[in-house]
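Work through the exercises below with the structure open beside you. Each task is followed by a solution in steps.

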Amino acid sequence: MPLFELHISRDARRKYQLDEESFAVRNGVIFADFDAARRFAEQMSAGREQPVPTGEINALGLLDEILHIILRQYELENPGVMDAALSRLKGELGAPALDDVLLRVTEAFPPLTVFHGDLSPQDYLDTATAGIPHRETMLEESLVLHLKNANPALRPYRELFDDRSLRQETAYCDVIDGLERFFATQSPFGSGDETLVEALRAPLLASPDSLSGQLEYILHRWGALLGESLVQRILRALDFLKEEASHRAGTGGASGPAPVLEFGGMGEYERFSPDRDWMPRLVLLAKNAYVWLDQLSKQYGRAITRLDQIPDEELDTLARRGFSGLWLIGLWERSRASRKIKQMMGNSDAVASAYSLYDYAIATDLGGQEALENLRWRAWQRGIRLAADMVPNHMGIDSRWVVEHPERFLSLDEPPYPNYSFNGPDLCDDERVGVYLEDHYYDHSDAAVVFQRRDHRTNQTKYIYHGNDGTSMPWNDTAQLDFLNPDVREAVIQTIIAVARQFPVIRFDAAMTLAKKHIQRLWYPEPGAGGAIPSRAERGLSKSEFEAKMPREFWREVVDRVAAEVPDTLLLAEAFWLMEGYFVRTLGMHRVYNSAFMHMLRDEDNAGYRQVMKNTLEFDPQILKRFVNFMNNPDEETAVEQFGKGDKYFGICTLLATMPGLPMFGHGQIEGYREKYGMEYCRAYQDEKPDEGFVRYHEQVIFPLIRRRHLFADVQHFLLYHFSDDDGRVVEDVFAYSNRAGDERALVVYHNKYAETRGWIKTSAAFAVKAGGEEYLVKRTLVEGLALPTSEQDYVIFRDLVTGLEYIRSCRELAEKGLYVALRAYQRHVFLDFRLVNGERWKAVCEALKGEGVEAVVAEREALFARKDEDDKKGAGVKKVAEKKTKGKRKKAATVKKAVGNKAAASKKTAKKGKKSPAKKPAEKKSGRKKPKGKTTSKKSQKAPARKSAVKKDG
């Protein structure tokens with residue numbers, strides 16, 4: 001016989017005709033498994049509009065069991081304590097009053113032997129089980145009953161254990177008060193200072209309205225006392241509650257702010273896949289295939305519905321702009337059931353979702369394989385590689401695999417929830433199989449996790465899980481593959497290899513869901529790790545069980561197989577959940593989505609994104625090279641909706657084009673389209689025309705950058721700088737970085753904030769360097785990053801792509817102080833075309849310009865020294881005139897002197913003769929050149945161009 005049971009009121013048992021086995025202790029467990037709790041919940045749910053949550057019934061029974069275990073443990077540590085409690089209560093209340101309470105409890109909440117009539121309530125009280133008197137058992141049950149009624153989290157189920165009649169008609173409350181006084185005089189519970197009753201009440205006080213909170217409290221406070229087996233059951237119970245919370249919510253979790261990437265938490269090792277020479281220079285443009293063809297039809301005034309009808313002019317335009325990859329979304333033959341669902345739900349001209357596939361064959365209405373080959377050849381002639389999606393974790397609900405290979409999918413023999421029904425239309429066109437959505441899907445009252453597959457040949461019914469990443473509603477037009485099945489893994493790998501033979505770039509949709517840790521978390525969760533997908537926790541596995549079934553990462557096997565069989569293929573993973581580094585560094589994907597770029601820069605979480613970059617550089621810069629950066633993707637709002645069309649858009653777009661990694665541009669981004677195209681769209685619903693000015697500005701400042709992708713793609717010489725204000729504080733809103741390729745250099749500066757700032761660029765953030773088997777962090781200066789000399793005679797000239805102005809700086813000054821830049825809101829500079837000069841004349845030019853930008857520094861130099869030469873020439877002429885004047889004056893003086901001498905001689909002679917001779921006046925000679933008039937001016941052609949102060953020399 002059990003020592004204790006889940007005591008439910010006699011009235012509730014009769015009302016719900018509850019299964020007697022649900023109440024008995026089997027191997028020390030009231031509910032032997034979750035199925036028993038489900039049966040209990042199903043019986044209670046009959047006739048109710050809202051079903052009773054199985055997880056809460058399971059938690060109720062578990063709490064009851066734990067309270068009894070704690071009581072029993074206390075009694076083992078304090079032998080005779082319940083007998084002493086009975087004696088104390090007899091003395092306080094009198095034996096008749098106490099017996100009346102115990103008898104009424106036994107009648108109202110009868111043990112099975114009493115409920116079946118095998119024993120009367122009085123006979124039961126007068127007997128014992130396993131040496132324990134039933135009066136002690138029912139006294140214990142009275143205390144547990146009181147605690148359950150006092151628990152706010154159990155209020156929805158109070159009809160099962162309502163004690164109001166006992167409180168109103170007996171001395172039940174006096175018994176409870178007496179027990180509290182009694183245990184206050186006894187040994188405390190455990191090693192603390194709580195009384196037994198205080199300890200039993202503690203969980204509900206800690207979390208009054210939450211069963212999860214109470215179980216978590218018990219887990220942390222009493223886990224060691226309860227033992228490993230019960231701890232595992234508590235963890236599972238928490239999982240069940242999480243599952244039901246997400247199931248009732250319908251839409252599940254929502255994507256929050258992008259987290260700052262951290263690395264090294266998954267036992268990562270380094271095993272990058274090497275790039276082919278074309279891979280770092282890839283720039284990808286995404287196009288929704290059906291929508292693009294419809295837009296091209298309108299643009300060219302003729303029907304363009306097939307891939308081979310895409311005009312050469314369009315491909316020429318893409319190549320001229322610098323795009324080397326074209327990702328066509330939605331090429332494969334899609335699920336007809338998906339189309340039916342979407343049309344039934346209101347979109348009458350929808351096609352199926354691009355990610356609900358019937359088979360991996362090019363869609364017939366896009367022209368099939370022949371049309372693809374035509375497009376692929378024409379694109380390749382222009383240096384453009386085609387990219388396609390691969391959706392590895394699921395297929396369409398009516399796919400060829402669902403019809404022919406149902407064993408490949410996660411399924412159950414019974415619905416996971418009792419309220420599920422499948423009475424809607426058959427969504428499968430194949431006469432061999434019927435496919436039915438759960439009825440509540442159609443009125444949006446439930447996001448069912450399974451659909452029904454009926455085999456018309458065998459009459460077998462299966463309930464197959466929809467694809468699901470645990471963050472939102474299930475993808476109701478998909479069927480989830482079972483990746484614990486090795487045959488499934490091999491079938492998917494063979495399909496990937498077949499796709500790789502057609503497309504040199506493959507984008508894997510939701511790739512993170514097929515990492516081992518997430519396959520287990522979503523579909524086979526460990527105890528305490530469930531809750532992502534309703535109904536999967538009870539089918540969970542321990543870590544060791546899961547590892548035995550899937551010893552190797554699926555993606556590592558994919559990468560190795562593709563490298564061996566189709567080596568010139570770039571594998572691109574859509575992966576989030578802080579797994580970006582793991583996917584490229586350990587699993588070997590060539591590229592991985594970097595959603596932090598879009599989210600953080602859009603939200604101006606500039607410190608957060610700089611931290612992402614710094615963390616990446618400090619862990620392994622090669623990861624930064626493998627990021628796919630984007631300003632929108634098919635699941636997000638368009639780029640102009642998120643970033644506008646002004647300076648902020650072009651600032652972020654400049655980062656997109658110049659940061660290491662793979663730039664990916666969205667459909668309609670360059671044209672300035674605002675409509676977000678659903679995966680089921682066959683056309684654009686807004687009649688948008690390209691914003692010609694917006695496109696032209698891309699032509700001026702963005703396309704020149706993506707055409708020089710070789711300069712920006714790698715990380716060997718990439719440096720991220722700190723931008724420091726005059727007080728030495730880092731301004732986190734400024735992104736400054738440099739890169740080099742051969743003799744080419746680039747320095748990019750962008751201020752991602754609506755404000756003004758100014759400061760110095762001098763020292764880089766730290767980055768990891770590996771040498772001689774060791775790894776250490778290094779910082780560099782700006783002149784080291786740009787590979788500039790540092791002598792006093794060396795100067796560097798560079799041009800800003802944004803303004804077209806050129807600047808000259810002293811290399812010595814850049815080494816000692818750095819580059820000083822003043823920035824307006826969302827202002828950017830892209831400094832290119834660095835060239836070194838030296839000598840005194842360049843020093844003079846630098847000093848004359850005082851840090852200002854000009855149209856051409858060489859022209860400034862010519863103008864400056866043309867003026868100097870003219871001034872020197874004029875100065876020489878003035879000197880010559882002065883010399884001639886001096887010479888004339890000297891000659892005049894000599895003449896005068898001679899005349900004076902002759903006059904004296906003549907006077908002397910006359911005096912001697914007595915005669916007087918008249919003196920003659922000497923003639924004055926005129927200078928041969930007149931003194932110049934006015935100032936020397938340079939010729940008009942040598943006049944210095946207008947200057948614009950954008951990059952200051954100093955503060």
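**Exercise 1. Count the aromatic pairs, then describe the one formed by Y649 and F650.**

Solution. Start with the rule: rings of Phe, Tyr and Trp (its six-membered ring) pair if their centres lie within 6.5 Å, and planes under 30 degrees apart count as stacked, over 60 as edge-to-face and the rest as tilted. By this rule there are 31 aromatic pairs. In the pair of Y649 and F650, the centres are 4.9 Å apart and the planes make 85°, which is edge-to-face. Y649 and F650 are both buried (buried means under 20% relative accessible area, exposed over 50%, partly exposed in between, with a 1.4 Å probe and protein chains only).

This is a predicted model, in which local features need pLDDT of at least 70 and side-chain atom pairs count only at pLDDT 80 or more, while totals for chains, interfaces and linings use all residues. Residues are numbered from 1 along each chain as its sequence is written, and side-chain values use heavy atoms, with hydrogens and water left out.

**Exercise 2. Which parts of the chain does the salt bridge between R591 and D275 link?**

Solution. A salt bridge is a side-chain nitrogen of Lys or Arg within 4 Å of a carboxyl oxygen of Asp or Glu. For R591 and D275 the closest N and O atoms are 2.8 Å apart. Next, place the two residues: R591 is in strand 16 (residues 591-593), and D275 is in the loop between helix 13 (228-249) and strand 3 (284-288), 316 residues apart. Helices (H or I, at least four residues) and strands (E, at least two) are DSSP runs, numbered from the N terminus. Finally, R591 has a relative accessible area of 1%, so this residue counts as buried. In the whole structure, the search finds 69 salt bridges.

**Exercise 3. Give the strand order of the open sheet with 8 strands, and find its edges.**

Solution. Two strands pair if DSSP finds at least two bridges between them. The order is 26-25-28-21-20-19-22-27, with antiparallel pairing. Strand 26 (806-810) and strand 27 (819-823) each have a single partner strand, so they stand at the edges, with one side of each left without a neighbour in the sheet. Inside the order, strand 21 (residues 744-751) and strand 28 (residues 828-838) are joined by 4 bridges. In this pairing, V748 stands opposite V830 of strand 28.
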